[in-house]
Amino acid sequence: MIREDGELKLMLAAGADANHEPRVFTVPISEAHLAVIREDLARHLLLWSAILPLCDAAGTRGGLDENAAVALLDPILLSSPADVDTLFRRIPWDRSRLVAHGADLDLLERGQVCEAMRAATEGADEKRAEKHRADRRRAARGVVLGPLDTEILRYTGQYLHGATVPRRLPDAVDTALLPQVMRVVATAEQACAGMRIGLDPRRGNRATDKRDWDRLAAAVEAAVRRAYPELVDDAVRTVSFLMCSEAADRSRSAPVEDDEAAADGHPDLGESARKTALSFTDDKGGERKWLRGGPRSASAEFWEFVAARSAADNEVFTIEDEELGEGIQLHFYADSIARITTVRPGKAGSDPQYQVEYRLVDGIGGYRNLVRAFVRGGCAALEQHGPWLSDVTEFERARRRRDAW
(Lines give C-alpha, C1' and ligand atoms only; values in the text may rest on other atoms or scores of the structure.)
Protein backbone atom coordinates (compact mmCIF):
# COMPACT_ATOMS: atom_id res chain seq x y z
CA MET A 1 0.00 0.00 0.00
CA ILE A 2 1.34 3.42 -0.88
CA ARG A 3 0.21 7.02 -0.79
CA GLU A 4 0.71 8.96 -3.99
CA ASP A 5 -0.08 12.70 -3.90
CA GLY A 6 -2.05 12.00 -0.75
CA GLU A 7 -4.13 9.27 -2.39
CA LEU A 8 -4.13 5.75 -0.99
CA LYS A 9 -3.23 3.15 -3.63
CA LEU A 10 -2.76 -0.57 -3.92
CA MET A 11 0.49 -1.35 -5.77
CA LEU A 12 1.23 -4.75 -7.26
CA ALA A 13 3.79 -6.28 -9.61
CA ALA A 14 2.24 -8.49 -12.28
CA GLY A 15 3.03 -9.48 -15.84
CA ALA A 16 6.24 -8.48 -17.58
CA ASP A 17 7.50 -5.85 -19.99
CA ALA A 18 9.29 -6.46 -23.30
CA ASN A 19 12.55 -7.03 -21.39
CA HIS A 20 10.89 -9.62 -19.11
CA GLU A 21 11.08 -7.28 -16.13
CA PRO A 22 8.01 -7.23 -13.85
CA ARG A 23 5.46 -4.51 -14.51
CA VAL A 24 4.09 -2.46 -11.62
CA PHE A 25 0.49 -1.27 -11.48
CA THR A 26 -1.45 0.86 -8.99
CA VAL A 27 -5.15 0.99 -8.14
CA PRO A 28 -6.73 3.73 -5.98
CA ILE A 29 -8.46 2.34 -2.89
CA SER A 30 -10.28 3.68 0.18
CA GLU A 31 -9.50 3.28 3.88
CA ALA A 32 -12.35 0.77 4.12
CA HIS A 33 -10.76 -1.32 1.38
CA LEU A 34 -7.38 -1.11 3.13
CA ALA A 35 -8.86 -2.35 6.40
CA VAL A 36 -10.27 -5.47 4.75
CA ILE A 37 -7.06 -6.16 2.83
CA ARG A 38 -5.09 -5.97 6.09
CA GLU A 39 -7.44 -8.08 8.19
CA ASP A 40 -8.98 -10.61 5.80
CA LEU A 41 -6.38 -12.72 3.96
CA ALA A 42 -9.05 -14.59 1.97
CA ARG A 43 -10.58 -11.38 0.57
CA HIS A 44 -7.09 -10.01 -0.10
CA LEU A 45 -6.22 -13.07 -2.17
CA LEU A 46 -9.55 -13.05 -4.00
CA LEU A 47 -8.95 -9.44 -5.03
CA TRP A 48 -5.46 -10.31 -6.23
CA SER A 49 -6.83 -13.23 -8.23
CA ALA A 50 -9.42 -10.98 -9.92
CA ILE A 51 -7.01 -8.12 -10.75
CA LEU A 52 -4.28 -10.34 -12.25
CA PRO A 53 -6.21 -10.95 -15.52
CA LEU A 54 -6.47 -7.17 -15.97
CA CYS A 55 -2.69 -6.93 -15.56
CA ASP A 56 -2.21 -9.68 -18.13
CA ALA A 57 -4.52 -7.83 -20.53
CA ALA A 58 -2.27 -4.76 -20.26
CA GLY A 59 0.45 -6.73 -22.04
CA THR A 60 4.07 -5.63 -22.10
CA ARG A 61 3.42 -1.89 -22.27
CA GLY A 62 -0.32 -1.17 -22.21
CA GLY A 63 -2.06 0.56 -19.33
CA LEU A 64 -4.12 -1.14 -16.64
CA ASP A 65 -7.88 -0.75 -17.05
CA GLU A 66 -8.16 1.22 -13.82
CA ASN A 67 -11.93 1.59 -14.00
CA ALA A 68 -12.36 -2.17 -14.24
CA ALA A 69 -9.95 -2.69 -11.33
CA VAL A 70 -11.74 -0.14 -9.11
CA ALA A 71 -15.07 -1.74 -9.99
CA LEU A 72 -13.84 -4.97 -8.36
CA LEU A 73 -13.03 -3.43 -4.97
CA ASP A 74 -16.46 -3.12 -3.34
CA PRO A 75 -17.93 -6.38 -4.69
CA ILE A 76 -14.94 -8.44 -3.53
CA LEU A 77 -13.90 -6.66 -0.33
CA LEU A 78 -17.19 -5.39 1.06
CA SER A 79 -19.93 -7.69 -0.28
CA SER A 80 -21.39 -10.85 1.27
CA PRO A 81 -19.75 -14.20 0.52
CA ALA A 82 -22.70 -15.20 -1.65
CA ASP A 83 -22.32 -12.06 -3.75
CA VAL A 84 -18.57 -12.67 -4.11
CA ASP A 85 -19.25 -16.21 -5.32
CA THR A 86 -21.75 -14.87 -7.83
CA LEU A 87 -19.23 -12.29 -9.08
CA PHE A 88 -16.53 -14.94 -9.60
CA ARG A 89 -18.90 -16.94 -11.80
CA ARG A 90 -18.95 -14.12 -14.37
CA ILE A 91 -15.49 -12.52 -14.26
CA PRO A 92 -12.08 -13.90 -15.27
CA TRP A 93 -9.86 -14.74 -12.32
CA ASP A 94 -6.50 -16.41 -11.71
CA ARG A 95 -7.28 -19.83 -10.26
CA SER A 96 -3.64 -20.82 -9.74
CA ARG A 97 -3.08 -17.89 -7.36
CA LEU A 98 -5.78 -19.18 -5.04
CA VAL A 99 -4.60 -22.78 -5.34
CA ALA A 100 -1.04 -21.75 -4.46
CA HIS A 101 -2.35 -20.09 -1.29
CA GLY A 102 -4.19 -23.17 -0.05
CA ALA A 103 -7.64 -23.00 -1.63
CA ASP A 104 -9.86 -26.05 -1.09
CA LEU A 105 -9.97 -27.56 -4.58
CA ASP A 106 -13.39 -29.21 -4.28
CA LEU A 107 -15.04 -26.00 -3.08
CA LEU A 108 -13.25 -24.04 -5.77
CA GLU A 109 -14.61 -26.37 -8.44
CA ARG A 110 -18.13 -25.84 -7.06
CA GLY A 111 -17.76 -22.06 -7.29
CA GLN A 112 -17.69 -21.48 -3.52
CA VAL A 113 -14.62 -19.28 -3.63
CA CYS A 114 -15.09 -17.58 -0.26
CA GLU A 115 -15.54 -20.88 1.56
CA ALA A 116 -12.61 -22.37 -0.40
CA MET A 117 -10.31 -19.64 0.93
CA ARG A 118 -11.14 -20.06 4.63
CA ALA A 119 -7.93 -22.07 5.07
CA ALA A 120 -5.81 -19.65 3.01
CA THR A 121 -2.11 -19.38 3.80
CA GLU A 122 0.11 -16.32 3.53
CA GLY A 123 2.88 -18.37 1.92
CA ALA A 124 2.41 -19.65 -1.62
CA ASP A 125 2.98 -23.27 -2.63
CA GLU A 126 3.77 -22.88 -6.34
CA LYS A 127 4.28 -26.62 -6.81
CA ARG A 128 0.68 -27.18 -5.71
CA ALA A 129 -0.51 -24.65 -8.26
CA GLU A 130 1.61 -26.24 -11.00
CA LYS A 131 0.21 -29.69 -10.21
CA HIS A 132 -3.33 -28.34 -10.29
CA ARG A 133 -2.76 -26.67 -13.68
CA ALA A 134 -1.33 -29.90 -15.08
CA ASP A 135 -4.27 -31.93 -13.77
CA ARG A 136 -6.78 -29.47 -15.28
CA ARG A 137 -5.01 -29.60 -18.67
CA ARG A 138 -5.23 -33.38 -18.64
CA ALA A 139 -8.86 -33.31 -17.49
CA ALA A 140 -9.69 -31.00 -20.41
CA ARG A 141 -8.35 -33.73 -22.72
CA GLY A 142 -10.35 -36.40 -20.92
CA VAL A 143 -7.24 -38.00 -19.38
CA VAL A 144 -7.53 -39.64 -15.97
CA LEU A 145 -4.26 -40.90 -14.51
CA GLY A 146 -4.01 -44.08 -12.51
CA PRO A 147 -1.39 -44.46 -9.74
CA LEU A 148 1.15 -46.12 -12.07
CA ASP A 149 0.55 -43.52 -14.80
CA THR A 150 1.23 -40.76 -12.29
CA GLU A 151 4.48 -42.29 -11.06
CA ILE A 152 5.75 -42.95 -14.60
CA LEU A 153 5.22 -39.26 -15.43
CA ARG A 154 7.01 -38.29 -12.23
CA TYR A 155 9.88 -40.64 -13.09
CA THR A 156 10.44 -38.85 -16.42
CA GLY A 157 9.88 -35.38 -14.92
CA GLN A 158 6.88 -34.77 -17.18
CA TYR A 159 4.06 -34.82 -14.67
CA LEU A 160 3.89 -31.02 -14.46
CA HIS A 161 5.12 -30.06 -17.92
CA GLY A 162 4.67 -32.45 -20.83
CA ALA A 163 7.09 -30.49 -23.02
CA THR A 164 9.98 -30.92 -20.58
CA VAL A 165 12.84 -33.05 -21.90
CA PRO A 166 12.40 -36.34 -20.02
CA ARG A 167 14.95 -37.56 -17.50
CA ARG A 168 15.28 -40.46 -15.09
CA LEU A 169 14.18 -39.30 -11.64
CA PRO A 170 13.65 -42.38 -9.44
CA ASP A 171 13.72 -40.25 -6.27
CA ALA A 172 10.54 -38.47 -7.45
CA VAL A 173 8.58 -41.74 -7.51
CA ASP A 174 6.53 -43.26 -4.69
CA THR A 175 8.85 -45.98 -3.37
CA ALA A 176 5.97 -48.50 -3.25
CA LEU A 177 5.44 -48.13 -7.01
CA LEU A 178 9.04 -47.66 -8.10
CA PRO A 179 9.57 -51.40 -8.90
CA GLN A 180 6.54 -51.33 -11.23
CA VAL A 181 7.81 -48.16 -12.91
CA MET A 182 11.20 -49.75 -13.48
CA ARG A 183 9.57 -52.82 -15.05
CA VAL A 184 7.77 -50.57 -17.54
CA VAL A 185 11.06 -48.82 -18.35
CA ALA A 186 12.81 -52.16 -18.76
CA THR A 187 10.14 -53.25 -21.25
CA ALA A 188 10.81 -50.07 -23.24
CA GLU A 189 14.58 -50.61 -23.15
CA GLN A 190 14.24 -54.16 -24.45
CA ALA A 191 11.94 -53.03 -27.26
CA CYS A 192 14.50 -50.57 -28.64
CA ALA A 193 17.70 -52.49 -27.87
CA GLY A 194 20.09 -52.10 -30.80
CA MET A 195 18.06 -49.33 -32.42
CA ARG A 196 19.62 -45.93 -32.95
CA ILE A 197 18.61 -42.44 -33.97
CA GLY A 198 21.04 -41.00 -36.47
CA LEU A 199 21.79 -37.35 -37.06
CA ASP A 200 20.27 -35.43 -39.94
CA PRO A 201 22.87 -32.85 -41.06
CA ARG A 202 20.35 -31.31 -43.47
CA ARG A 203 18.85 -29.61 -40.40
CA GLY A 204 22.03 -28.62 -38.57
CA ASN A 205 24.74 -30.04 -36.35
CA ARG A 206 22.47 -31.51 -33.66
CA ALA A 207 19.29 -32.39 -35.55
CA THR A 208 18.20 -36.02 -35.54
CA ASP A 209 16.66 -38.23 -38.21
CA LYS A 210 12.88 -37.93 -37.78
CA ARG A 211 12.28 -41.34 -39.38
CA ASP A 212 14.65 -43.03 -36.94
CA TRP A 213 12.91 -41.21 -34.07
CA ASP A 214 9.43 -42.26 -35.22
CA ARG A 215 10.57 -45.86 -35.78
CA LEU A 216 12.06 -46.16 -32.29
CA ALA A 217 9.05 -44.46 -30.66
CA ALA A 218 6.65 -46.81 -32.46
CA ALA A 219 8.59 -49.89 -31.33
CA VAL A 220 8.62 -48.76 -27.70
CA GLU A 221 4.97 -47.74 -27.62
CA ALA A 222 3.81 -51.00 -29.18
CA ALA A 223 5.78 -53.08 -26.68
CA VAL A 224 4.68 -51.08 -23.63
CA ARG A 225 1.02 -51.14 -24.69
CA ARG A 226 1.15 -54.93 -25.18
CA ALA A 227 2.68 -55.47 -21.75
CA TYR A 228 0.68 -52.80 -19.89
CA PRO A 229 -2.63 -52.19 -21.68
CA GLU A 230 -4.02 -50.33 -18.65
CA LEU A 231 -1.58 -47.41 -19.05
CA VAL A 232 -2.94 -44.16 -20.51
CA ASP A 233 -1.36 -42.67 -23.64
CA ASP A 234 0.40 -39.93 -21.65
CA ALA A 235 2.35 -42.53 -19.67
CA VAL A 236 3.21 -44.63 -22.73
CA ARG A 237 4.36 -41.60 -24.70
CA THR A 238 6.54 -40.26 -21.91
CA VAL A 239 8.44 -43.58 -21.79
CA SER A 240 8.96 -43.59 -25.57
CA PHE A 241 10.03 -39.92 -25.41
CA LEU A 242 12.61 -40.87 -22.77
CA MET A 243 14.01 -43.69 -24.92
CA CYS A 244 14.15 -41.47 -28.03
CA SER A 245 15.77 -38.57 -26.18
CA GLU A 246 18.48 -40.81 -24.74
CA ALA A 247 19.16 -42.41 -28.14
CA ALA A 248 19.39 -38.97 -29.76
CA ASP A 249 21.77 -37.74 -27.06
CA ARG A 250 24.04 -40.73 -27.66
CA SER A 251 24.25 -39.85 -31.37
CA ARG A 252 24.97 -36.19 -30.66
CA SER A 253 27.79 -37.03 -28.27
CA ALA A 254 29.36 -39.67 -30.54
CA PRO A 255 32.14 -38.79 -33.03
CA VAL A 256 31.01 -37.72 -36.49
CA GLU A 257 29.79 -40.82 -38.27
CA ASP A 258 32.25 -42.27 -40.76
CA ASP A 259 30.04 -43.75 -43.46
CA GLU A 260 32.92 -45.33 -45.31
CA ALA A 261 34.22 -47.16 -42.28
CA ALA A 262 30.69 -48.30 -41.46
CA ALA A 263 30.41 -49.81 -44.92
CA ASP A 264 33.59 -51.90 -44.79
CA GLY A 265 32.82 -55.34 -46.14
CA HIS A 266 30.21 -54.06 -48.55
CA PRO A 267 30.88 -54.76 -52.24
CA ASP A 268 32.31 -51.86 -54.27
CA LEU A 269 34.56 -51.38 -57.29
CA GLY A 270 37.77 -52.06 -55.42
CA GLU A 271 40.42 -49.99 -53.65
CA SER A 272 41.58 -48.34 -56.87
CA ALA A 273 38.12 -46.85 -57.43
CA ARG A 274 38.11 -44.91 -54.17
CA LYS A 275 38.18 -41.15 -54.55
CA THR A 276 41.41 -39.33 -53.79
CA ALA A 277 40.30 -35.70 -54.15
CA LEU A 278 36.83 -34.16 -54.02
CA SER A 279 35.29 -30.72 -53.84
CA PHE A 280 32.08 -29.94 -51.96
CA THR A 281 29.94 -26.95 -52.94
CA ASP A 282 26.51 -25.52 -52.15
CA ASP A 283 24.07 -23.07 -53.73
CA LYS A 284 25.43 -20.10 -51.75
CA GLY A 285 29.02 -20.21 -52.98
CA GLY A 286 30.35 -22.32 -50.12
CA GLU A 287 33.18 -24.70 -51.00
CA ARG A 288 35.42 -27.21 -49.24
CA LYS A 289 38.18 -29.45 -50.57
CA TRP A 290 38.91 -32.97 -49.40
CA LEU A 291 42.07 -35.02 -50.03
CA ARG A 292 42.50 -38.67 -49.26
CA GLY A 293 45.03 -39.38 -46.53
CA GLY A 294 43.66 -36.70 -44.22
CA PRO A 295 42.37 -37.33 -40.72
CA ARG A 296 38.76 -37.81 -41.80
CA SER A 297 36.87 -39.61 -44.51
CA ALA A 298 35.21 -37.85 -47.42
CA SER A 299 31.73 -38.77 -46.18
CA ALA A 300 32.34 -37.41 -42.69
CA GLU A 301 33.83 -34.22 -44.12
CA PHE A 302 30.95 -33.75 -46.56
CA TRP A 303 28.19 -34.21 -43.96
CA GLU A 304 29.92 -31.79 -41.64
CA PHE A 305 29.95 -29.28 -44.52
CA VAL A 306 26.21 -29.85 -45.02
CA ALA A 307 25.43 -29.45 -41.32
CA ALA A 308 27.28 -26.14 -41.21
CA ARG A 309 25.78 -24.71 -44.41
CA SER A 310 22.32 -26.21 -44.93
CA ALA A 311 19.37 -23.81 -44.55
CA ALA A 312 15.88 -23.23 -45.90
CA ASP A 313 17.36 -21.24 -48.78
CA ASN A 314 20.41 -23.47 -49.26
CA GLU A 315 19.33 -27.04 -50.02
CA VAL A 316 21.43 -28.07 -53.03
CA PHE A 317 24.86 -29.62 -52.38
CA THR A 318 27.36 -31.06 -54.84
CA ILE A 319 30.24 -33.52 -54.55
CA GLU A 320 32.56 -33.38 -57.55
CA ASP A 321 35.60 -35.29 -58.74
CA GLU A 322 37.04 -32.63 -61.00
CA GLU A 323 39.83 -34.84 -62.36
CA LEU A 324 37.46 -37.57 -63.56
CA GLY A 325 34.69 -35.15 -64.50
CA GLU A 326 31.92 -36.72 -62.46
CA GLY A 327 29.84 -35.81 -59.46
CA ILE A 328 26.54 -35.98 -57.66
CA GLN A 329 24.15 -33.19 -56.74
CA LEU A 330 21.84 -33.60 -53.74
CA HIS A 331 18.49 -31.78 -53.84
CA PHE A 332 17.25 -31.79 -50.25
CA TYR A 333 14.17 -29.72 -51.07
CA ALA A 334 12.92 -32.44 -53.47
CA ASP A 335 14.29 -35.62 -51.83
CA SER A 336 16.20 -36.37 -55.03
CA ILE A 337 19.72 -36.66 -56.38
CA ALA A 338 21.41 -36.26 -59.76
CA ARG A 339 24.55 -38.06 -60.95
CA ILE A 340 26.53 -36.10 -63.49
CA THR A 341 29.21 -37.46 -65.83
CA THR A 342 31.23 -35.63 -68.44
CA VAL A 343 30.56 -37.15 -71.86
CA ARG A 344 32.88 -34.80 -73.74
CA PRO A 345 35.19 -32.23 -72.13
CA GLY A 346 35.15 -28.70 -73.47
CA LYS A 347 37.79 -27.98 -76.09
CA ALA A 348 38.81 -24.89 -78.02
CA GLY A 349 36.29 -22.74 -76.21
CA SER A 350 33.36 -25.14 -76.54
CA ASP A 351 31.26 -26.11 -73.52
CA PRO A 352 31.66 -29.59 -72.10
CA GLN A 353 28.82 -32.08 -72.63
CA TYR A 354 27.32 -33.74 -69.55
CA GLN A 355 25.01 -36.66 -68.94
CA VAL A 356 22.62 -35.97 -66.06
CA GLU A 357 20.49 -38.70 -64.49
CA TYR A 358 18.05 -38.42 -61.60
CA ARG A 359 16.82 -40.60 -58.79
CA LEU A 360 14.37 -40.20 -55.92
CA VAL A 361 15.87 -40.53 -52.42
CA ASP A 362 14.25 -42.02 -49.33
CA GLY A 363 15.27 -39.85 -46.39
CA ILE A 364 18.68 -39.04 -44.96
CA GLY A 365 19.56 -42.74 -44.83
CA GLY A 366 19.13 -42.95 -48.60
CA TYR A 367 21.37 -39.92 -49.09
CA ARG A 368 24.07 -41.44 -46.87
CA ASN A 369 24.06 -44.67 -48.89
CA LEU A 370 24.43 -42.82 -52.18
CA VAL A 371 27.16 -40.50 -50.94
CA ARG A 372 29.05 -43.46 -49.54
CA ALA A 373 28.75 -45.36 -52.83
CA PHE A 374 29.98 -42.40 -54.86
CA VAL A 375 32.95 -41.80 -52.58
CA ARG A 376 33.94 -45.46 -52.79
CA GLY A 377 33.41 -46.01 -56.50
CA GLY A 378 32.25 -42.91 -58.36
CA CYS A 379 29.24 -42.76 -60.67
CA ALA A 380 29.80 -46.34 -61.80
CA ALA A 381 29.18 -47.55 -58.22
CA LEU A 382 25.81 -45.80 -58.26
CA GLU A 383 24.45 -48.01 -61.05
CA GLN A 384 23.30 -50.67 -58.60
CA HIS A 385 21.31 -47.99 -56.72
CA GLY A 386 19.00 -47.24 -59.67
CA PRO A 387 16.77 -46.77 -61.46
CA TRP A 388 18.30 -43.57 -62.85
CA LEU A 389 16.16 -41.42 -65.14
CA SER A 390 17.67 -39.16 -67.80
CA ASP A 391 14.32 -37.77 -68.98
CA VAL A 392 13.50 -34.78 -66.75
CA THR A 393 9.78 -34.92 -67.56
CA GLU A 394 9.59 -38.60 -66.65
CA PHE A 395 11.48 -37.93 -63.43
CA GLU A 396 9.13 -35.09 -62.46
CA ARG A 397 6.14 -37.39 -63.00
CA ALA A 398 7.76 -39.98 -60.73
CA ARG A 399 8.41 -37.33 -58.10
CA ARG A 400 4.81 -36.07 -58.20
CA ARG A 401 3.52 -39.64 -57.86
CA ARG A 402 5.78 -40.18 -54.86
CA ASP A 403 4.70 -36.91 -53.22
CA ALA A 404 1.01 -37.62 -53.86
CA TRP A 405 1.35 -41.10 -52.35
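Here is a chat about charged side chains in a predicted model.

Student: Hi! How many salt bridges does the structure hold?

Tutor: Hello! This predicted model holds 38 salt bridges.

Student: Can we go through a few? Which side chain meets Glu-126 in a salt bridge?

Tutor: That would be Arg-97, with an N to O distance of 3.2 Å. The two come from distant parts of the chain, 29 residues apart. Glu-126 sits in helix α8 (residues 126-140), and Arg-97 in helix α5 (residues 95-100).

Student: Nice. Is Arg-97 buried or exposed?

Tutor: Arg-97 has a relative accessible area of 13%, so it counts as buried, the cut-off for that being under 20%. Its partner Glu-126 is partly exposed, at 38%.

Student: What about Arg-136, which side chain does it meet in a salt bridge?

Tutor: Arg-136 pairs with Glu-109, and the N to O distance is 3.0 Å. Arg-136 lies in helix α8 and Glu-109 in helix α6 (residues 105-109), so this pair ties together parts that are 27 residues apart in sequence.

Student: And how accessible is Glu-109?

Tutor: Glu-109 is partly exposed, with 47% relative accessibility. Arg-136 is also given as partly exposed, at 36%.

Student: Okay, now Glu-221 and Arg-225. In which helix do they lie?

Tutor: Both are in helix α11 (residues 210-227), 4 residues apart, which is about one turn of the helix. Their side chains form a salt bridge, at 3.3 Å from N to O.

Student: Is Glu-221 buried or exposed?

Tutor: Glu-221 is buried, because its relative accessible area is 18% and the cut-off is under 20%. Arg-225 comes out as partly exposed, at 33%.

Student: Which residues are joined with those two into one network?

Tutor: Arg-141, Asp-233, Asp-234 and Arg-237 belong to the network along with Glu-221 and Arg-225, joined by salt bridges that share partners.

Student: Switching topic! Which residues gather in the patch of negative charge on the surface?

Tutor: Look for Asp-5, Glu-7, Asp-65 and Glu-66.

Student: Let me pick one of them. Where is the place of Asp-65?

Tutor: Asp-65 is in the loop between α2 (41-57) and α3 (66-78).

Student: Why does Asp-65 count as partly exposed?

Tutor: Because its relative accessibility is 44%, and partly exposed covers the range between the buried cut-off, under 20%, and the exposed one, over 50%.

Student: Thanks, I'll go and find them in the structure!

Notes: Residues numbered from 1 in each chain as written. Predicted model: local features only at pLDDT ≥ 70, side-chain atom pairs only at ≥ 80, totals over all residues. Heavy atoms only, no water. Patch = residues over 30% accessible without salt bridge, like charges linked within 9 Å, V, L, I, M, F, W, Y side chains within 5 Å. Areas by Shrake-Rupley, 256 points an atom, 1.4 Å probe, with all protein chains shown as cover. Salt bridge = Lys/Arg side-chain N within 4 Å of Asp/Glu carboxyl O. Lys, Arg positive; Asp, Glu negative; His and termini not counted. Charge placed at Lys NZ, Arg CZ, Asp CG, Glu CD. Buried < 20%, exposed > 50% of the residue type's maximum accessible area, 1.4 Å probe, protein only.
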